[in-house]
Amino acid sequence: MFIGSYDYNLDTKGRLVIPSKFRNNLGNDNNVYLTRGFDGCLSIYKETDFEAQIIRYQKKSYEKSDVRKTLRSFLDSVVQLSIDNQGRILLPSKILEKYSIGNKVHILGAIDHFEIWDYTKWNEEESSIDSEFEMNAEKIFSDEE
């Protein structure tokens, strides 16, 4: 499970050190999958959790336009990355540019994956989600009564 958050800097080559707690959650997997995330971030999945995402898409009807478009966008962003001996991944410059990720990043655990945010973009997002926390929590958990 990926929980917690960290602030890191990419090196000049675009390499990111994966926080040690997150590396421990990856087990013996030396490969991870980078995909587009939601709200402007990137998502990193270990192989089993990435496969679970693919299975979710396979259960949807490809005949529906919104399914095709979402699947295409998702798959177009997928990059398999190898973790080096220093626990780093090389984030492709094309992806960093496309999703406006700068050298300073915020890494956020999201249970079955972790997110990589541009640091400035995260600060903007964080103030928005913090102000709506109680209201959103009430909405999403109201059906559990």
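Two rings of Phe, Tyr or Trp count as a pair if their centres lie within 6.5 Å. Planes under 30 degrees apart make the pair stacked, over 60 edge-to-face, and the rest are called tilted. Keep that in mind while you look at this model, which is a predicted one.

**The overall layout**

Let's start with the big picture. The protein chain is built from six helices and eight strands. If you walk along from the N terminus, the order is β-β-α-β-β-α-α-β-β-α-β-β-α-α. The radius of gyration is 16 Å, close to the 15 Å that the globule rule gives for 145 residues, so the chain is as compact as a globular protein of that length. Its C-alpha atoms fit in a box of roughly 45 × 40 × 30 Å along the principal axes.

How much of the chain is buried? Of the 145 residues, 34% are. Now take the contacts between residues at least 6 apart in sequence: 59% of them join residues at least 24 apart. On the outside, the accessible surface is about 9,300 Å², and carbon and sulfur atoms account for 48% of that. As for charge, there are 19 positive and 25 negative ones, and the mean positions of the two sets sit 8 Å apart.

**Rings that pair up**

Back to those rings. Searching the whole structure turns up nine aromatic pairs. One of them joins phenylalanine 22 and phenylalanine 114, with centres 5.0 Å apart and 35° between the planes, which makes it tilted. Where do these two partners sit along the chain? Phenylalanine 22 is in helix H1 (residues 20–25) and phenylalanine 114 is in strand S8 (residues 114–118), so this pair links parts of the chain 92 residues apart.

Another pair is made by phenylalanine 50 and phenylalanine 74. Why is it called stacked? The planes are at 20°, which is under the 30 degrees cut-off, and the ring centres are 6.2 Å apart. This pair also links distant parts of the chain: phenylalanine 50 belongs to helix H2 (residues 47–58) and phenylalanine 74 to helix H3 (residues 65–76), 24 residues apart.

Ring pairs also build something bigger than a pair: Phe2, Tyr6, Tyr8, Phe22 and Phe114 are linked into a cluster.

**Buried or exposed?**

Here is how the four paired phenylalanines come out, along with two other residues we'll meet next.

| Residue | Relative accessible area | Status |
|---|---|---|
| Phenylalanine 22 | 1% | buried |
| Phenylalanine 114 | 0% | buried |
| Phenylalanine 50 | 9% | buried |
| Phenylalanine 74 | 6% | buried |
| Glutamine 53 | 11% | buried |
| Serine 43 | 3% | buried |

The cut-off is simple: a residue is buried when its relative accessible area is under 20%. Take glutamine 53: its value is 11%, so it counts as buried.

**Two residues and their neighbours**

Glutamine 53 lies in helix H2. Which residues does glutamine 53 contact, leaving aside its neighbours within four places in sequence? They are Tyr45, Phe74 and Asp112. Phe74 is a name you already know, from the stacked pair with phenylalanine 50.

Serine 43 is in strand S4 (residues 42–46). Not counting residues up to four places away in sequence, serine 43 touches Tyr33, Leu34, Thr35, Arg36, Gly37, His113, Phe114 and Glu115. One of these, tyrosine 33, is ten residues away along the chain, and its C-alpha atom is 8.0 Å from that of serine 43. Phe114 has come up before too, as the partner of phenylalanine 22 in the tilted pair.

How values were computed: Residues numbered from 1 in each chain as written. Predicted model: local features only at pLDDT ≥ 70, side-chain atom pairs only at ≥ 80, totals over all residues. Heavy atoms only, no water. Helix = DSSP H or I, 4+ residues; strand = E, 2+ residues; numbered from the N terminus. Rg over C-alpha atoms; globule rule 2.2 N^0.38 Å. Buried < 20%, exposed > 50% of the residue type's maximum accessible area, 1.4 Å probe, protein only. Contact = heavy atoms within 4.5 Å. Areas by Shrake-Rupley, 256 points an atom, 1.4 Å probe, with all protein chains shown as cover. Lys, Arg positive; Asp, Glu negative; His and termini not counted. Charge placed at Lys NZ, Arg CZ, Asp CG, Glu CD. Phe/Tyr/Trp six-rings, centres within 6.5 Å; stacked < 30°, edge-to-face > 60°.
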